[in-house]
Amino acid sequence: MNTRRKFLTGAAVTMAAAGVSRHALAGLPEPVIQNSPNTQKPLIPNSGRDYNPVVTLNGWTLPWRMKNGVKEFHLVAEPVVREMAPGFKAHLWGYNGQSPGPTIEVVEGDKVRIFVTNKLPEHTSVHWHGQRLPNGMDGVAGLNQPAIPSGKTFVYEFTARRPGTFMYHPHADEMTQMAMGMMGFWVTHPKVKNPDIDEVNRDFCFLLSAYDIDPGSFTPKPATMLDFNIWSWNSRVFPGIDTLNVRLNDKVRIRVGNLTMTNHPIHLHGHEFQITGTDGGPTPKASRWYEVTADVAVGQMRQIEFLADEEGDWAFHCHKSHHTMNAMGHDMANLIGVDHRGLAGKIKKIIPDYMAMGERGMADMTEMEMPLPVNTIPMMTGDGPYGSLEMGGMFTVLKVRKDQAPNDYKNSGWFKQPAGTRAYEWKGAMPAAKRSNNAGESAMNRVQPKPEVEVQVKKPGTNNHKH
Ligand SMILES: [Cu+2]
């Protein structure tokens with residue numbers, strides 16, 4: 001496996017950088033470093049209790065070693081270069097070579113020891129979000145422990161008491177460190193059959209994160225509170241997010257955690273799902289109902305499950321339309337309905353590169369050959385079988401296929417729709433429009449007096465509102 005091969009490479013790099021002997025590191029597991037932003041195959045457990053591993057979208061699971069019955073992991077907090085989409089790299093902070101960090105998978109009842117080495121320029125700590133653990137292991141710097149100074153390694157030890165969906169992130173200079181991409185997923189699998197936890201064929205997970213990276217630059221601005229321009233799943237943006245490839249009639253679980261500054265209504269097309277778990281654990285079966293959108297609030301985890309029984313390429317995305325766009329500025333005039341072709345000619349005399357846009361909507365943007373600054377990504381993009389998807393950010397596709405082999409996670413290309421099952425153009429005659437002026441006649445039969453002057457209400461302060 002890829003990560004296995006990287007095991008030695010990563011260790012060698014780390015040791016050379018730290019300048020310490022192999023002997024001095026003998027007490028810690030060698031850190032495993034991941035160089036690829038692609039979705040890695042599930043890590044089949046080769047020691048400890050057995051379980052069905054998860055697949056981290058554009059991510060990976062951290063290998064461990066067993067030492068006297070304890071599962072030992074080594075996390076390295078460090079600056080990383082994350083490819084957020086082909087052609088767009090960000091200078092983030094993360095763990096073991098990537099942002100987000102590797103997923104940690106354990107089994108309920110496992111004794112866990114996590115070595116955390118701090119290679120950041122400032123102190124850090126790790127909080128194990130949602131876990132039951134001794135107070136001194138909760139990771140809030142200043143409250144539960146002193147912060148881990150730059151260059152030092154701290155050890156966290158606890159038993160994974162509750163099965164479920166969790167995450168980890170710093171609890172020291174949180175604003176900066178989470179804005180820079182420091183976070184990771186944690187899954188505790190059930191030890192024995194749990195009546196509220198069903199077996200599934202595919203189990204995906206990812207974290208929601210948001211960045212403010214000016215087009216042409218590389219480093220997120222940590223002071224941003226609301227005006228983020230890069231909305232990502234596991235620090236990837238569409239079309240850089242891998243698709244979720246499943247077999248027809250697979251039972252599918254998707255686990256989502258939110259470490260952004262706003263909520264994200266996560267929406268799946270073509271199927272209905274139930275919320276089967278939160279960071280508080282599995283939801284009781286009697287409390288579940290069907291949804292097609294799950295709102296994941298800030299600091300929450302949601303785990304959804306469905307039967308993938310409709311073949312096709314199904315959109316899966318955040319339903320806030322601004323979150324399915326890339327590198328977006330919000331300080332733009334509304335030009336819908338304005339024909340400014342004449343004006344554009346005049347402006348072009350002064351600014352030869354000037355381009356009129358937006359008067360017919362924004363879809364034109366996907367056709368524009370507008371020069372982009374280096375290291376950014378178009379706002380609306382992504383080629384599909386029928387043209388541009390005009391999407392970005394928090395968007396990908398669930399691919400349900402009859403011929404997807406079990407345990408195969410390959411993308412099989414675009415769905416071939418059976419003949420006669422696609423929306424088509426009406427080519428017949430178009431009847432004249434009939435206007436209905438008497439809707440709700442019986443109750444609302446009065447003639448509405450028309451105001452002589454149209455009143456426009458403007459709320460105070462809306463001018464300053466950027467979004
Ligand atoms: Cu969103």
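This briefing covers a five-stranded sheet, the pairings of strand β16, and a nonpolar core. The model is predicted. Its five-stranded sheet is open and has mixed pairing. Its largest nonpolar core has 88 residues.

**The five-stranded sheet**
- The strands run in the order β13-β24-β21-β15-β19.
- Two edge strands, β13 (244-247) and β19 (293-296), each pair on one side only.
- From one strand to the next, the twist averages 20 degrees.
- Inside this sheet, β21 (residues 312-318) pairs with β24 (residues 395-401).
- That pairing is antiparallel and spans six bridges.
- Within it, A315 sits opposite V397 of β24.
- In a regular strand, side chains alternate between the two faces of the sheet.

**Strand β16 and its partners**
- Strand β16 covers residues 273-278 and runs antiparallel to β18 (residues 290-291), with two bridges between them.
- F273 has E291 of β18 as its bridge partner.
- Four bridges link β16 to β20 (residues 301-308), again antiparallel.
- T278 is the residue that bridges to R302 in β20.
- Strand β17 (residues 281-282) is also antiparallel to β16, and two bridges join them.
- Here T278 stands opposite G281.
- A hairpin of two residues connects β16 to β17.

**The nonpolar core**
- Nonpolar side chains tend to be buried together in soluble globular proteins.
- Within the core, the residues with the most contacts are L75, M167, W186, F204, I230 and V237.
- Leaving aside neighbours within four places in sequence, V237 touches residues including M84, A85, I230, W231 and I377.
- S232, N326, G392 and G393 are also among the contacts of V237.

Conventions. Residues numbered from 1 in each chain as written. Predicted model: local features only at pLDDT ≥ 70, side-chain atom pairs only at ≥ 80, totals over all residues. Pairing = 2+ DSSP bridges. Axes fitted to C-alpha atoms, helices over the stretch in contact; angles between N-to-C directions. Core = buried A, V, L, I, M, F, W, Y, C linked by C-beta atoms within 7 Å. Buried ≥ 20, exposed ≤ 12 C-beta atoms within 10 Å, placed from the backbone. Contact = placed C-beta atoms within 7 Å.
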